[in-house]
Amino acid sequence: MEEDEGSSKVETAKAERSVWLMKCPVVVAKSWQAHPPSDPLAKVVLSLDPLRPPEDPSSLQFTMEMASTEPGNIPKSYSLNMSKDIVPMSVFSETSHGKVAVEGKVEHKFDMKPNSDSIEEYGKLCRERTNKSMIRNRQIQVINNDRGAHMRPLPGIIGLVSSASKDKKKTQPVKQSDMKRTRRDRGELEDIMFKLFERQPNWALKQLVQETDQPAQFLKEILNELCVYNKRGANQGTYELKPEYKKSVEDTGAE
C-alpha cells in the first residue's frame, strides 16, 4: 500500500492469511505470558468423527494439551468450542520500532474451557485463588516520639470554617449508584463471583452490582463467560453458573 513520504506504512503481505482467535481462562493467559518464547505453548488435536456428515459441526472436535507442566492445579487438557459466527476481524502486530503489520484475518473463534476430567483440578485452583483474594495484607506503623506533629492542622486551615456554614443543611451523602465504580482485576472478580454463587445459586444483575461494587457492563462480561441467563421459569431474570463451573462450586461447598 502507498503512503505519503514520511508517514508510517502497514505491511499487508499476510493480510489474507487465516488465523484463529481463542478466548482462554485468565490462569492460562498469565501462564503463557511467563512462558519462554522459544518453547511451544500447547498442542492442538483435531478429532474427526467418520460416522457424522462433514457439514455437521459436531463431527469436528478440537482439544488442547498444555505443552509444559505448570505449577499448581492448572488443568493440562482443554476443549475448544469453535464458532464461525463472528464479527470480521484482523490481527495486527507492532515491533519495538513502531512497524505495524497485518498478521492475518480471523477465520475461527474458539472458547477454551477445561475438559470434564480436569474440572476437579480447576475447582481446586478456583478455591486457592478465592482464598488468596480474601487475604488482605495490612501494615501498622508505630510512630515514636512524634508528640502529635502529624495530627496538627496545617497553617491557614484553622478558622476557615465559618459559623454560618454550621447552620446550613448538612450535605446529603452521595448515593452508591452515583459514584464511579473502579474495575477490579478480572481474576480477582471471578474469584469473588464463585464465592457468591457458593452462597446461593441464582443472582440478579442488580444484586451482583451491589455485592461486588463493580460496573454493570463489566459484570455482564464476566457473567457471559461463567453463567447462563434464565429467560423464563421460576428463576427468570437471574444468572446461574454454567454446568462446567457449577460442579467446582458444589465441590467447594461439600468441603
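Me: Where is the place of E190?

Reply: In this predicted model, E190 sits in helix α4.

Me: Why is E190 called buried?

Reply: Its relative accessible area is 5%. Buried means under 20%, so E190 is buried.

Me: What does E190 touch, leaving out residues up to four places away in sequence?

Reply: E190 touches V26, R129, I222, E225 and L226. One of these, E225, is also among the residues that lie nearest the centre of the largest pocket.

Me: Which residues of α2 and α4 meet?

Reply: From α2, the residues are C126, R129, T130 and S133. From α4, they are G187, E188, E190, D191, F194 and K195. By class, this contact has two nonpolar, three polar and five charged residues.

Me: What describes the packing of two helices?

Reply: Two packed helices are described by the angle between their axes and by the distance between those axes. For α2 (residues 119-133) and α4, the angle is about 105° and the axes are 9 Å apart.

Me: Why is α2 called roughly perpendicular to α4?

Reply: The two helices pack at an angle of about 105°. Angles of 65 to 115 degrees count as roughly perpendicular, and therefore α2 is roughly perpendicular to α4.

Me: What makes S133 count as buried?

Reply: S133, in helix α2, has a relative accessibility of 10%. The limit for buried is under 20%, so S133 counts as buried.

Me: Which residues does S133 touch, not counting those up to four places away in sequence?

Reply: S133 touches E188 and D191. The C-alpha atoms of S133 and E188 are separated by 6.2 Å, while the two residues are 55 residues apart along the chain.

Me: How do you know whether L125 counts as buried or exposed?

Reply: L125 is another residue found in helix α2. At 8% relative accessibility, set against the cut-off of under 20% for buried, L125 counts as buried. The C-alpha atoms of L125 and P75 are separated by 8.8 Å, with their positions 50 residues apart along the chain.

Me: Why is K124 called partly exposed?

Reply: K124 also has its place in helix α2, and its relative accessible area is 35%. Buried means under 20% and exposed means over 50%, with partly exposed in between, so K124 is partly exposed. K124 and I74 are 50 residues apart along the chain, and their C-alpha atoms are separated by 8.9 Å.

Me: What makes S58 count as partly exposed?

Reply: The relative accessibility of S58 is 30%. That value falls between the limits of 20% and 50%, so S58 counts as partly exposed. S58 is placed in the loop between β3 (42-48) and β4 (60-66). The C-alpha atoms of S58 and M82, 24 residues apart along the chain, are separated by 9.7 Å.

Me: What is the phi of D213?

Reply: Phi of D213 is near 55°, a positive value in a residue other than glycine. Most residues other than glycine have a negative phi. D213 lies in the loop between α5 (205-212) and α6.

Me: Why does D213 count as partly exposed?

Reply: D213 has 32% relative accessibility. Partly exposed is the class between under 20% and over 50%, so D213 counts as partly exposed.

Me: Which residues lie nearest the centre of the largest pocket?

Reply: They are K23, D111, M112, E225 and Y245, among 19 lining residues. The elements that give two or more residues to this lining are β7 (100-114), α4 (186-199), α6 (216-226) and α7 (243-254). The largest share, four residues, comes from β7. About 380 Å³ of space lies in the pocket.

Me: How do the residues of that lining divide by class?

Reply: The lining has eight nonpolar, two polar and nine charged residues.

Me: What share of the chain counts as buried?

Reply: Of its 255 residues, 27% count as buried. The secondary structure comes to seven helices and nine strands. Of the contacts with a separation of 6 or more, 61% are accounted for by residues 24 or more positions apart.

Methods
Residues are numbered from 1 along each chain as its sequence is written. This is a predicted model: local features need pLDDT of at least 70, side-chain atom pairs count only at pLDDT 80 or more; totals for chains, interfaces and linings use all residues. Side-chain values use heavy atoms; hydrogens and water are left out. On a 1 Å grid over the protein atoms alone, a cavity is a set of points where a 1.4 Å probe fits but cannot get out, and a pocket is an open set with protein on both sides within 12 Å along at least five of seven lines; lining residues have an atom within 4 Å of a point. Grid points are joined across faces, edges and corners, and a volume is the space filled by probe spheres set on the points. Ala, Val, Leu, Ile, Met, Phe, Trp, Tyr, Cys and Pro count as nonpolar, Asp, Glu, Lys and Arg as charged, and the others, Gly among them, as polar. Axes are lines fitted to C-alpha atoms, for helices over the stretch in contact, and angles run from 0 to 180 degrees between N-to-C directions. Angles under 35 degrees count as roughly parallel, over 145 as roughly antiparallel, 65 to 115 as roughly perpendicular and the rest as oblique. Contact means heavy atoms within 4.5 Å. Buried means under 20% relative accessible area, exposed over 50%, partly exposed in between (1.4 Å probe, protein chains only).
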